[in-house]
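Trainee: Before we look, I would like to go through the terms used here and what backs each one.

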Amino acid sequence: MKFLRKILDNLEPKFTKGGPLEKFHAVYNAADTILFSTDEKTESAPHIRDSLDNKRIMILVVVALLPCYIFGAINIGYQSSQFSGIERSGWENFWFGFGVILPILITAFATGAFWEVLFAVIRKHPISEGFLVTCALIPLLMPPTIPLWQVAAATTFGVVIGKEIFGGVGMNIFNPALVARAFIFFAYPSQISGDKVWLKVDGVSGATALAVPAAVENGNAVDLLSKITQFDYSWSNMFWGYIPGSIGETNKFLIMIGLLFLVMTKIANWRVIVGALIGLVGTASLTNIMAPLSSNTMLTLPPHYHLVMGGFLFGLAFMATEPVTGAHTDKGRWIFGILFGALTVIIRSINPAYPEGTMLAILLMNAFAPLIDYYVVQSNIKRRMARYAAE
Amino acid sequence: MSRITIKKGHDIHMSGEPAKNIESAGHPTFVAYQPEEFRYIKPKLLVKEGDSVKIGSPIFFDKCMPDVKWASIGGGKISAIHYGYRRVIEKIIIELDKYEEAVEYTAFDHNEISGLSKTQVTDHLLAAGIWPMIRQRPYNKIANPEDTPNSIFISCYNSAPLTVDLDVALRNRSSSFQAGITALSKLTDGNVNVIVDETCTSSTFMDLKDAETHMISGPHPAGNVGIQIHHIDPLKPGKVVWTVDAQHVVTIGRLFLKGVFDPSLIIAVGGSGVKNPTHLKSRLGASMETLTVDRLQDGPQRMISGDVLTGKTSDKNDFVHFYESTVSVIPHSDKRPFLGMLHPGSGKSHYSLTNTYFSFGANSFPFSTLLNGEERAMMPINSWENVLPMDILPNQLYRAILANDVEEMEQLGLIECDEEDFALCSFACPSKIDVGSVIRQGLDVLEKEE
């Protein structure tokens, strides 16, 4: 890699102060420090530092997403072969899906990088590695049938409105990838609302798993799901992900592996996760108990079905646990998680317009996170003031 | 005797741990004061270049508290006074005579010390010019002799990496240590709290009179006096406690027992930049050169007066600071591994409190001065909270200080904090934010308001 180092070293003077490309120093710096770890040194105490930096955090989240990408590609191929009648091997399925994902991925990264660089150059701040995660998340949230211009529009909205106008990574209040998803959800509702499946085959249409019980009154959700013959909406099949859906969210097993990885590396906070599971299971159990009082079939959906349906686990693993837009205090994280789980079930069950509640639940909780933190901080202050007054 | 268990924190395993024996550093030629390290004072010189001084003769005093003088830490002549920007006194260098003379004071025996009053002890320490050894919290500044502290804290446990092992340093000094404690106990109506490590068996710290002994267990920063205060006698607005370094207690004890100011000090010299890290019998304000001569490894190094978490960047022309008893030397590194952010990590290449690298089993890691990243916006993954054993919300406090919101700083308990207790937060921060310096910035604002 010495030649690469040499090229970078030769280029450096062009980008430093006084050079012709001085304005684009952020771009050089990003390339330089992504390829070769920085040798920046401490100036004052503490003179030694932990090996972890933000680049490592971001790249590990991307690593945790890789299994979802691989399975996403296989599943796209598998689903299309099911309905087009073309026989394919596992590898062929993968390459078919890869051909679908790659343009979406390239579009997301190119658009995201463009905005990130533009803002870095104008604002004279370093390019934040956070855009790697945002741009890696966006394709996974998209249906495989999405037109590329919509990917570009969504990425633009997510990066600019979701992040840059607040000052960049670390200052944003909403998760940029989810803002991108919400944008196409509301801008192109006829295609993206989540009630119809997306298949890379023309002319086939059907209901998503969550839309099945939502559409019928006075039924039993599990019975209804088992009666669907077009897709196999059994619990185990939904867990292993061989169902149509957004690219990255179908295989719950791989998502759980990614989640476990993030918790083990201490990047994701376990309090949010445990809280969300408590919230989801608790609220779903409650709706089960109340189901006989209502004609709403969604209320009969048991907790373990809620867990594997829709984007709940994906949102939990990669978006609700995002440290910046979540609550910043430990107590706050509990509340954030529990409310997120509860809201997911409530939006799914009670709001007929949105069969999928995860996205809205996370965005809503992002908006409430500062308020939750405010009350946690106030209780800390109250306790301290009481101690100051007591002695 | 009480027991305190600290759960949060981390013991940094660093190579170059000083051996547990004491070598002689030889007779130094120069010692110096560096008055800038004394916070919130206005130093006024009492000597000029070329003046002869004895050990103990006053060198400068504080214009804000004129009774507080600094005694000469050596006998000889003032060889140079260095000034910095706007004539700030940077260094007062004393060239030592071969046979140093010392100012003599009244000596007392143990029983007589017990009979002294607060005023007598205060006057004795002020007259001898070693009052600056007593510092106060909040603000970690020199104590005001007119205050009566709620209690006095003496930490006999250094938990920061490569610091002096006080078991070793205070061996055979228990009589002076006891005398120092008895003298200090006259200054407060409350306790003199002596805090020792739970595993400590040294007879120096056991069966002390006039003191309350506390056993503390847990990782760094358990040895920091700020953390100990927080768990034993927490601060609040208007309350003052005093702190004294364990080695300075010995100096104070000797002043009372022998009637002279004995500037000797055990200094730990360690770090992977040092050939045979050990404890040296040296003295206050010793020059870095004397301490590191013939001990440095080859290659570019950074010398630090103090420990690696809180010390000051120095070079061989500098001197050990007054409150420091550690000299650390760590190498500079220019390594730039290709795609380093994807490195799996190993016990030799990476050290992290998280599990983001396979770095477990790192028993003694050769740290360098690498920042290991670039400064970024804060990433709240609890890296600060996990190493701060205080009932304080560091993230929110940090923001309140940046926003210069004085009321919120006070509400969030800034008064109980000191930058040294936050050094580990900066160490662990993935965004490479220097939390400690911001805490000090906030304390400066509060101090000014008082």
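Mentor: Start with chain A: among its contacts between residues at least 6 apart in sequence, 68% join residues at least 24 apart. Two residues are in contact if their C-beta atoms, placed from the backbone, lie within 7 Å. This is a predicted model, in which local features need pLDDT of at least 70 and side-chain atom pairs count only at pLDDT 80 or more, while totals for chains, interfaces and linings use all residues. Residues are numbered from 1 along each chain as its sequence is written, and chains are lettered from A and ligands numbered from 1 in the order in which they are written.

Trainee: What radius of gyration would a compact globule of 391 residues have, and what does chain A have?

Mentor: The globule rule, 2.2 Å times the number of residues to the power 0.38, is applied with the radius taken over C-alpha atoms. For 391 residues it gives near 21 Å; chain A has 23 Å, which agrees.

Trainee: How many helices and strands are in chain A?

Mentor: Chain A has 17 helices and zero strands. Both are DSSP runs numbered from the N terminus: helices are H or I with at least four residues, strands E with at least two.

Trainee: What span is expected of α4(A), residues 90-123?

Mentor: The expected span is 1.5 Å times one less than the number of residues. For the 34 residues of α4(A) that is 50 Å, and the helix reaches 47 Å from first C-alpha to last, close to expectation.

Trainee: Where does α4(A) bend?

Mentor: At I101(A), by about 25°, with P103(A) following within four residues. The bend is the angle between axes fitted to the seven residues ending there and the seven starting there.
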